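Trainee: I am new to this structure and would like to understand how its parts meet. May I put some questions to you?

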Protein chains: 2
Amino acid sequence: MIARVLVPAAVREGEVLDVPADEAGHLVRVLRLRPGAAVRVFDGKGHEWDATLGATTKHGAVVALGAARSAAPEPRIGYTLAVAVLKGDGTDDVVRDAVMMGVQAIRPFVSARTEVRAAALERAHRRERWERVAIASAKQCGRAMLPVIHDLVDLRTVLATDGEALRLLLVEPAVAVTAARPADIAAPRAVSLAIGPEGGWTAEEAAQAIGAGWQPLRVGERVLRAEAAPLVALAACQAVWSET
Amino acid sequence: MIARVLVPAAVREGEVLDVPADEAGHLVRVLRLRPGAAVRVFDGKGHEWDATLGATTKHGAVVALGAARSAAPEPRIGYTLAVAVLKGDGTDDVVRDAVMMGVQAIRPFVSARTEVRAAALERAHRRERWERVAIASAKQCGRAMLPVIHDLVDLRTVLATDGEALRLLLVEPAVAVTAARPADIAAPRAVSLAIGPEGGWTAEEAAQAIGAGWQPLRVGERVLRAEAAPLVALAACQAVWSET
């Protein structure tokens with residue numbers, strides 16, 4: 001498999017560009033590529049090129065951009081995933097898989113049953129880590145677009161956002177609210193999908209969300225692992241709405 | 001959350017039963033439940049009861065079955081997941097998530113690009129481990145039915161099975177075969193879904209499978225992690241075929 005390299009400054013065929021330090025280190029020290037190696041460069045904004053590795057040093061590398069090429073197609077529907085942060089590395093898994101499913105934005109939030117504190121996440125530089133996870137996942141899955149990872153907010157703030165999108169609230173099978181399945185909903189232009197932490201929403205949170213215009217969504221009849229729920233819900237919506 | 005206990009010998013309300021040793025140990029030493037605690041008993045064949053923990057010892061416990069109750073509904077469509085074993089603990093994750101998605105059977109296999117050897121898996125008693133993973137996942141997701149975990153076989157054997165079901169072969173976006181999406185396929189009564197290892201099928205394997213009557217299936221346009229592909233494909237099929 002040809003290595004894919006993120007170079008946000010890339011613009012057009014013929015350019016010779018410095019590879020950002022993190023990426024250069026990966027190419028040179030981990031993959032042990034030598035000058036002349038074929039690579040692919042993407043800019044994180046949806047563009048990709050065939051490219052050739054030029055001079056390398058211990059900490060740096062340059063690439064020469066060749067012809068533009070098509071990256072994996074982006075979904076026609078713009079998905080924002082609003083997801084409660086999970087304990088341990090759970091949110092890393094969610095970010096990795098959401099990127100693979102083609103989301104445009106990830107909005108991490110804290111809700112009543114969230115088991116980690118916002119301050120602890122900030123001290124641990126989690127946002128930067130999620131951005132690294134997103135880059136690694138984009139390379140793996142073939143996307144040339146990196147989703148936006150928004151600042152950590154509380155649920156109240158999430159509920160007030162994305163008014164122009166179809167706003168869906170994933171609910172567990174046992175929750176006593178009427179919920180649509182993806183097949184009950186016409187394909188929207190943009191979706192914001194909110195998914196709670198392990199243990200789900202409190203009754204008060206679900207009521208607030210519904211009051212704010214979020215529509216309950218149900219996917220299947222079994223309890224989903226918190227780490228897997230975004231993947232299952234995104235796969236279900238995309239398959240029903242027949243996206244690329 | 002009330003603990004769920006697997007007791008395969010359970011048959012009807014009013015019985016007082018010994019809990020199998022593994023399960024008893026979990027109740028007594030991990031969850032530290034005391035006699036009189038409310039639990040739920042399921043038999044692994046789709047039945048579930050309210051129950052009360054009776055006498056416990058360090059290594060044993062009895063339960064008294066109360067009224068039968070409904071477990072999470074089983075999918076109307078019977079899914080068999082034929083999945084290439086993955087390196088590390090990858091197959092554990094696949095088994096866990098396939099149980100959560102409601103599959104009836106899991107058939108692990110070895111194909112050309114499989115990076116683990118069948119002999120190593122047998123020495124490590126992987127099959128027994130996958131059965132424990134399946135039980136833990138059933139408890140978590142609310143199922144009262146345990147899927148069958150078949151013996152490890154080679155791909156040739158997989159391709160010759162499940163002739164009465166719709167047989168689908170998951171292919172990567174880059175594979176040059178014409179592949180249907182779930183939305184292109186009418187809801188079948190039973191499905192056998194074959195998913196390859198990291199790196200996918202060889203061209204020869206794909207041709208053999210198609211020759212044997214397996215229909216190529218595509219889910220999305222990005223490369224899926226091998227551990228996540230079964231979850232995405234099952235979620236997509238179930239959502240399109242509008243199952244519970």
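**Contacts between chains and domains**

Mentor: Across the interface of chain B and chain A there are 10 residue pairs in polar contact, both at pLDDT 80 or more; such a contact is a pair of N or O atoms within 3.5 Å, where within protein one must be able to donate a hydrogen and the other to accept it, and residues adjacent in sequence count only if both atoms are side-chain atoms. This is a predicted model, in which local features need pLDDT of at least 70, side-chain atom pairs count only at pLDDT 80 or more, and totals for chains, interfaces and linings use all residues. Residues are numbered from 1 along each chain as its sequence is written, chains are lettered from A and ligands numbered from 1 in the order in which they are written, and side-chain values use heavy atoms, with hydrogens and water left out.

Trainee: Which element gives the largest share of the side of chain B that touches chain A?

Mentor: Three elements of chain B give two or more residues to that side: helix H2 (90-100), helix H4 (126-141) and helix H7 (229-240). Helices are DSSP runs of H or I with at least four residues, and strands are runs of E with at least two, numbered from the N terminus. The largest share, 7 residues, comes from H7(B).

Trainee: Which residue of chain A meets Arg225(B) in a salt bridge?

Mentor: The count between chain B and chain A is 2 salt bridges, each a side-chain nitrogen of Lys or Arg within 4 Å of a carboxyl oxygen of Asp or Glu. At 3.0 Å, N to O, the side chain of Arg225(B) meets that of Asp97(A).

Trainee: How are the two copies related?

Mentor: Chain B is superposed on chain A by a rotation of 180 degrees with 0.0 Å of shift along its axis (RMSD 0.0 Å), fitted by least squares on the C-alpha atoms of residues with pLDDT of at least 70 in both. The two copies are therefore related as by a two-fold rotation axis.

Trainee: Within chain A, which residue of domain 2 forms a salt bridge with Glu23(A)?

Mentor: An automatic or database domain assignment divides chain A into domain 1 (4-69) and domain 2 (78-240). Between these domains of chain A there is 1 salt bridge. At 2.8 Å, N to O, the side chain of Glu23(A) meets that of Lys139(A).
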